[in-house]
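Q: I have a chain open on my screen and would like to talk it through with someone before I go back to the bench. Could you take my questions as they come?

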Amino acid sequence: MMWTRVMRPLAMVLALAACAPKASDPAEVASRTAKLYYDALLEGNYDVFVAGLDRHLGDIGDYDSLLVANARMYVDRQRESHQGIASFEVARVEYDGKGHAANVFLDVHFADSTKEQIVVPMVERDDLWLMR
């Protein structure tokens, strides 16, 4: 069952986040969560990455499969273009306290020693930060 395959790794990521020192700053929580999702992507845990999407609709088979395939293709493209991704690092975060939203800027460090910055829009839903 796809949902069980997604929830088990997602629960592990959330448990790791819960064990981390508590950050009272929502911007800090948003940035840590974004990094956890992208670290899951880097580790090949595509289901966890997809489960972190705000638009993720759960167990609807084909749609989940397409999102997982897209995440896998992104990683494969970076392997071809830059010899792979070495790491993700939080550069900064812009938090909008009113709308429970944040933009997390991640530096993507590639294996070929190049780097680029991506923006990960985050939204807080029921005390959980998700990627928009």
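A: What follows is a conversation about the fold, the sheet, the core and a few single residues of this predicted model.

Q: Let's start with the basics: how many helices and strands does the chain have?
A: There are 4 helices and 4 strands in the chain, and, read along the sequence, they follow the pattern α-α-α-α-β-β-β-β.

Q: And since this is a prediction, where is confidence lowest and where is it highest?
A: The lowest confidence falls in helix 1 (residues 2-19), with a mean of 51, whereas strand 2 has the highest, at 98. Across the chain the average pLDDT is 86, and 78% of the residues score at least 70. Where pLDDT is low, the predicted coordinates should not be read in detail.

Q: Fine, on to the sheet. What is the strand order?
A: The 4 strands form an open sheet in the order 1-2-3-4, with antiparallel pairing. Strand 1 and strand 4 are the edge strands, each pairing on one side only, and the twist from one strand to the next averages 35°.

Q: How many bridges are there between strand 1 and strand 2?
A: Strand 1 and strand 2 are joined antiparallel over 10 bridges, and one of the pairs is Asp96 with Ala101 in strand 2. The hairpin that these two strands make has 4 residues between the strands, and His100 there takes a positive phi near 50°.

Q: What about strand 2 with strand 3?
A: That pairing is antiparallel as well, over 9 bridges, and Ala102 has Met122 of strand 3 as its bridge partner. Strand 2 and strand 3 also form a hairpin with 4 residues between them, in whose turn Ser113 has a positive phi of about 75°.

Q: And how many bridges join strand 3 to strand 4?
A: Strand 3 and strand 4 run antiparallel and are joined by 4 bridges. Arg125 is bridged to Leu128 in strand 4, and Glu124 is bridged to Trp129 in strand 4. The hairpin here has 2 residues between the strands, and Asp126 in the turn has a positive phi of about 50°.

Q: What is phi like at Asp127?
A: Asp127 has a positive phi as well, near 65°, in a residue other than glycine. Most residues other than glycine have a negative phi. Asp127 sits in the loop between strand 3 and strand 4, and it counts as exposed because its relative accessibility is 73%, where the cut-off is over 50%.

Q: Where does Gln83 lie?
A: Gln83 lies in the loop between helix 4 and strand 1, and it has a positive phi of about 65° although it is not a glycine. With 59% relative accessibility, Gln83 counts as exposed.

Q: Changing topic: is Gln78 buried or exposed?
A: Gln78, which belongs to helix 4, is buried, because its relative accessible area of 10% is under the 20% cut-off. Leaving aside residues up to four places away in sequence, Gln78 touches Gln83, Gly84, Ile85 and Phe110, so the contacts of Gln78 include the loop residue Gln83 that we just discussed.

Q: Now the core. Which residues have the most contacts inside the largest nonpolar core?
A: Those are Tyr38, Leu41, Val120 and Met122, in a core of 26 residues. At least two residues of this core come from each of helix 2 (26-42), helix 3 (46-51), helix 4 (62-82), strand 1 (85-96), strand 2 (101-110), strand 3 (115-125) and strand 4 (128-131).

Q: What does Tyr38 touch?
A: Not counting residues up to four places away in sequence, Tyr38 touches Phe49, Phe88, Leu106, Ile118, Val120 and Met131.

Q: Which strands does helix 2 lie across?
A: Helix 2 lies across strand 1, strand 2, strand 3 and strand 4, and it runs at about 155° to strand 1.

Q: One from helix 3, then: what can you say about Val50?
A: Val50 is placed in helix 3 and counts as buried at 2% relative accessibility. Its C-alpha atom is separated by 6.4 Å from that of Val68, although the two residues are 18 residues apart along the chain.

Q: Last one: how much of the chain is buried, by residue?
A: Buried residues make up 39% of the 132 residues, while the chain exposes about 7600 Å², of which carbon and sulfur atoms supply 53%. Among contacts with a separation of 6 or more, 49% are between residues 24 or more positions apart.

Methods:
Residues numbered from 1 in each chain as written. Predicted model: local features only at pLDDT ≥ 70, side-chain atom pairs only at ≥ 80, totals over all residues. Heavy atoms only, no water. Core = buried A, V, L, I, M, F, W, Y, C linked by side-chain atoms within 4.5 Å. Buried < 20%, exposed > 50% of the residue type's maximum accessible area, 1.4 Å probe, protein only. Contact = heavy atoms within 4.5 Å. Areas by Shrake-Rupley, 256 points an atom, 1.4 Å probe, with all protein chains shown as cover. Pairing = 2+ DSSP bridges. pLDDT = per-residue confidence, 0-100. Axes fitted to C-alpha atoms, helices over the stretch in contact; angles between N-to-C directions.
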